[in-house]
Amino acid sequence: MAKLTYFKGRGRAETTRWMLAINQISFENIAIANKEELAALRGSGKLPFDQMPLLEIDGLCLSQSSAMVRYLARKGGFYGDNDSDAWQCDLVAGAVADFAETALQAAFQPTAAVAIAGLEVRFGKFGPRFEARLAANGAAVSAGSRLSFADVVLAEALSNYLEWCPDILDATPLLKDLYGRVTGQPGVARYLASDLRYAKPDDQYILDVALVLGRALPPHMPDPDRFVTPA
Ligand SMILES: N[C@@H](CCC(=O)N[C@@H](CS)C(=O)NCC(=O)O)C(=O)O
């Protein structure tokens, strides 16, 4: 069974979870809960850049979420059929990474209204372009001629946007349809309904991350430096 080590939440591990899910690869979440556990993990030599997430699979220790996603894409045949398809997958996945960052940061905003406003602006930039790409491609997928990891990471990003802005896909029907098809894939549907899927990030998640990394909390939270380790 694969092992995915990260905080107790979605964050930068979530695209890998969706790729494990679509590949129907069983995995367990290992949640690092404090500085001591992170220090031990770093001491194990499994993190080449001292960063999480870590994916242990096929006897390998994989780091960098984008590399994990691509490893799983190659493994499951989700990287298109030729170099041109693969380039398209990378193009879309690169745009998705930019688009997804706003959703990753949403829970760290001072209020829900600020988070939602930021997501709406970001969707206004990228949503119509993803929609246009689906229309132009004609294959109901964002890259190449069949479902790829680009569609999976796009749907993962959209799942976060939808939690904050439930109507956000109403004006982009092709994107909405793609979202439904990815989340309807058997492995993904099973994952989303399982205990492996963490809830939408909340203040507790932000506290967990700051505690583990010894970092400051967002400035709007009480006593923002409470976990910062003096140099
Ligand atoms: N590009 C990396 C970013 C990894 C990253 O920044 N991880 C954070 C947690 S979300 C971390 O481990 N930070 C501690 C550090 O950078 O030393 C990825 O996507 O895997």
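The questions and answers below walk through a predicted model, its ligand and its largest pocket.

Residues are numbered from 1 along each chain as its sequence is written. In this predicted model local features need pLDDT of at least 70, side-chain atom pairs count only at pLDDT 80 or more, and totals for chains, interfaces and linings use all residues, while side-chain values use heavy atoms and leave out hydrogens and water.

Visitor: Which residue has a polar backbone atom 2.8 Å from a nitrogen atom of the ligand?
Guide: The residues around the ligand, each with a heavy atom within 4 Å of it, include Tyr6, Arg42, Gln51, Met52 and Pro53. Among the polar contacts (pairs of N or O atoms within 3.5 Å; within protein, one must be able to donate a hydrogen and the other to accept it, and residues adjacent in sequence count only if both atoms are side-chain atoms), an N or O atom in the side chain of Arg42 is 3.1 Å from an oxygen atom of the ligand, and a polar side-chain atom of Gln51 lies 3.1 Å from an oxygen atom of the ligand. The backbone atom that lies 2.8 Å from a ligand nitrogen belongs to Met52.

Visitor: Is the peptide bond from Met52 to Pro53 cis or trans?
Guide: Pro53 lies in the loop between H2 and strand S3 (54-57), where helices (H or I, at least four residues) and strands (E, at least two) are DSSP runs, numbered from the N terminus. Most peptide bonds are trans. The bond from Met52 to Pro53 has an omega near 5° and is cis.

Visitor: Which helix gives the most residues to the lining of the largest pocket?
Guide: A pocket is an open set of points on a 1 Å grid over the protein atoms alone, where a 1.4 Å probe fits, with protein on both sides within 12 Å along at least five of seven lines, and lining residues have an atom within 4 Å of a point. Of the 47 lining residues, the closest to the centre are Tyr6, Gly11, Arg12, Glu101 and Leu104. Helices H1 (14-22), H2 (35-43) and H4 (83-106) are among the elements that give two or more residues. With nine residues, the helix that gives the most is H4.

Visitor: What is the phi of Gln24?
Guide: Gln24 has its place in the loop between H1 and strand S2 (27-31). Most residues other than glycine have a negative phi. Gln24 is not a glycine, yet its phi is positive, at about 55°.
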